[in-house]
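Please work through the following exercises with the sequence and the model at hand. Each task is followed by a solution in steps.

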Amino acid sequence: MKRLLLAGGGHAHVQVLAALAREPLPGTEVLLVTPFARQMYSGMLPGWVAGHYREDQIVIPLPALAQAAGVRLSEGRMVGLDAAARRATLADGRVLEYDLLSLDTGPVMGRDAIPGAREHALFLRPVEHFVRLFDALLARARTEPLDLAVVGAGAGGVEIVLALAWRLQREGSAARVSLVAGSDGPLAGFADSVRRPVLRALQRLRVTVLPHTCAAIEAGRLTLSNGTRVACDVPLLAVGTSAPPWLQGSGLALDAQGFVATGPTLQSSSHPEAFAAGDVATRVDAPHPKSGVYAVRAGPPLALNLRRALAGGELQPYTPQARTLYLLSTGRRHAVASWGPWAAAGPWVWWWKDRIDRGFIRRYGGSA
Ligand SMILES: Cc1cc2nc3c(=O)[nH]c(=O)nc-3n(C[C@H](O)[C@H](O)[C@H](O)COP(=O)(O)OP(=O)(O)OC[C@H]3O[C@@H](n4cnc5c(N)ncnc54)[C@H](O)[C@@H]3O)c2cc1C
C-alpha cells in the first residue's frame, strides 16, 4: 500500500479531493493533514466582513469531502519536513512517513515583520483566527469610537478595508478607518483603470489613505515610515505573506523567498516525489503572482499528476495562464473587474463575483 500525504486543505487540494471522489486511487492510503476541519474561502472573506455572507456560507467543510474521496482527514499542522527521509512532523509531535507528498499549505504572515505586530495586531492569516477575533472587534466598534487601520494595500487589504468601512458605517459606528498604503498607494501594480474606481470607493467610505509604510506598532498607535504617529486602537495586518519557515530545513529546493521551487509537472525541483501548488509553491519555469486564482487552476493538473505518479505513468506539464481575472469587492454589493489593463465596475460585477464564489463553495459541498 502506497502512502500519499496531502498537507493543507487549500484551493488546489479541495480539487484533488473532489477528483479522488470521482475516481478513487487504487492501492493507496491517502491522508489529509490540515489544522482546521474546514477551509475558509478568502475570496468571500471581504463579503463576510461587509456582512453580505454568514460565516457558514464562506467555508468548505473538509470532512465530507475527504470521506467521499476515501481520504483520512487528520487535524494537524505540519512544522517540519525531511524530504530525503520522506517524513513530515506535525506540531503535536506526530511523525508521518509518505511515498508521495503534496503541499498546499498556503503562505504565512510573519508575526514579526513589523515591530510590535505580534503583540498588538490582528492578522488576516490564518483566516480562521481572524474570523474568530473579528466579531469581538465589531462589538467594540459599535460602542467605542475606535481608530482602526488596515496595514497593507494589496488586493486583500483594499477589499478588507472597504468591507470594514462599509460595515461600520452601515451599523452607525463612529469608528475611523485608515489604510496604510505605502508610497505607491492602494493596488500598486494594478492598471489605473482598476485603481480609479477603488480610490473613489475609499473616498466615498471616508477611508484615510496614508501614503507611508508602517514602521512600528505600539498599544494605541502606529509609527509610519516618515516618523508620523497615528492613533490606532486595532491594526489589521494585511501585509506581505511569506514562505512557511519549516521549509527551510526540509531539504526541498526553495526559491529566493523560501517557497517550494516547482516545475511544469508541479513536482519539487529537487524531490520528484514531492509536489506543491498554491501560494506555498513557486513555478520557477513560469513565475506568476501568488493568488487564489492560480491556486485553483493548479488543482486539476495536480490531481492528474499525483494519480500518474502513483501509477508510474508519464506526468503532464501544466502551463499557468499568463493573466488572470481579478474581481475586487468594494464594500457594498459592488465590485471592480480587472483583466490586465481592462477594467469594469458596477453592481453587476459584484453579482458576477458572487455567482462564481458561491458556485465554488457549493461545488465542494459548502452551503453558500
Ligand atoms: C482578504 C483576502 C482576499 C483575497 N481575495 C482573493 C481573490 O479574490 N482572488 C484571488 O485570486 N486571491 C485572493 N486572495 C489571495 C488568496 O487568499 C491566496 O492566494 C490563496 O488563499 C492561496 O491558496 P492556497 O491554496 O495556496 O492556500 P490557502 O488558501 O491559504 O490554504 C492553505 C491550507 O493549508 C492549511 N495549512 C496552513 N498551514 C498548514 C500547515 N503547516 N500544515 C498543514 N496545513 C496547513 C490551511 O489551514 C489551509 O487549509 C485573497 C487573500 C485575502 C487575505
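The exercises below treat sheets, hairpins and single residues in turn.

The model is predicted: local features need pLDDT of at least 70, side-chain atom pairs count only at pLDDT 80 or more, and totals for chains, interfaces and linings use all residues. Residues are numbered from 1 along each chain as its sequence is written, and side-chain values use heavy atoms, with hydrogens and water left out.

**Exercise 1. The five-stranded sheet**

Determine the strand order of the open sheet of five strands, and state which strands stand at its edges.

Step 1. Helices (H or I, at least four residues) and strands (E, at least two) are DSSP runs, numbered from the N terminus. Two strands pair if DSSP finds at least two bridges between them.

Step 2. The order is β11-β18-β12-β13-β14, and the pairing is parallel.

Step 3. β11 (122-123) and β14 (208-210) each have a single partner strand, so one side of each is left without a neighbour in the sheet; these two are the edges.

Step 4. β13 (residues 176-180) is joined to β14 by three bridges, running parallel, and S178 stands opposite T208 of β14.

Step 5. Helix α6 (residues 155-170) packs on this sheet and touches β12 (147-151), β13 and β18 (234-237), where contact means heavy atoms within 4.5 Å. The direction of α6 makes about 175° with that of β13; axes are lines fitted to C-alpha atoms, for helices over the stretch in contact, and angles run from 0 to 180 degrees between N-to-C directions.

Step 6. β12 and β13 also run parallel, with five bridges between them; here L148 stands opposite V177 of β13.

Step 7. Four of the five residues of β13 are buried, and the strand is mostly covered. Buried means under 20% relative accessible area, exposed over 50%, and partly exposed in between (1.4 Å probe, protein chains only).

**Exercise 2. The three-stranded sheet**

Describe the open sheet formed by β6, β7 and β8.

Step 1. The strands follow the order β6-β7-β8 with antiparallel pairing.

Step 2. β6 (78-82) and β8 (95-97) are the edge strands: each has a single partner strand, so one side of each lacks a neighbour in the sheet.

Step 3. From one strand to the next, the twist averages 25°.

Step 4. Three bridges connect β7 (residues 87-90) with β8 in the antiparallel sense, and T89 stands opposite V95 of β8.

**Exercise 3. Two successive hairpins**

Which glycine takes a positive phi in the hairpin of β23 and β24, and which in that of β24 and β25?

Step 1. β23 (residues 326-330) pairs with β24 (residues 332-339) over five bridges in the antiparallel sense. L328 has V336 of β24 as its bridge partner.

Step 2. One residue lies between these strands, and G331 has a positive phi near 100° in this hairpin.

Step 3. β24 is joined to β25 (residues 342-346) by five bridges, again antiparallel, with W339 opposite W342 of β25.

Step 4. Two residues lie between β24 and β25, and G340 takes a positive phi near 60°.

Step 5. Within β23, Y326 touches F190, P289, S291, Y294, V336, A337 and S338, not counting residues up to four places away in sequence. The side chains of Y326 and T324 form a polar contact of 3.5 Å; such a contact is a pair of N or O atoms within 3.5 Å, and within protein one must be able to donate a hydrogen and the other to accept it, while residues adjacent in sequence count only if both atoms are side-chain atoms.

**Exercise 4. Two polar residues in loops**

Establish the surroundings of D279 and Q57.

Step 1. D279 is placed in the loop between β21 (274-276) and β22 (281-283).

Step 2. D279 is buried yet has no salt bridge (a side-chain nitrogen of Lys or Arg within 4 Å of a carboxyl oxygen of Asp or Glu). The nearest side chain of opposite charge, R125, is 4.5 Å away; Lys and Arg count as positive and Asp and Glu as negative, while His and the chain ends are not counted.

Step 3. The side chain of D279 reaches the backbone nitrogen of S291 at 3.4 Å. Neighbours within four places in sequence aside, D279 is in contact with G106, P107, F259, K290 and S291.

Step 4. Q57 is in the loop between α2 (45-49) and β4 (59-61), and Q57 counts as buried at 9% relative accessibility.

Step 5. A polar atom of the Q57 side chain lies 2.8 Å from the backbone nitrogen of R54. Apart from residues up to four places away in sequence, Q57 touches M44, H52, R358, I361, S367 and A368.
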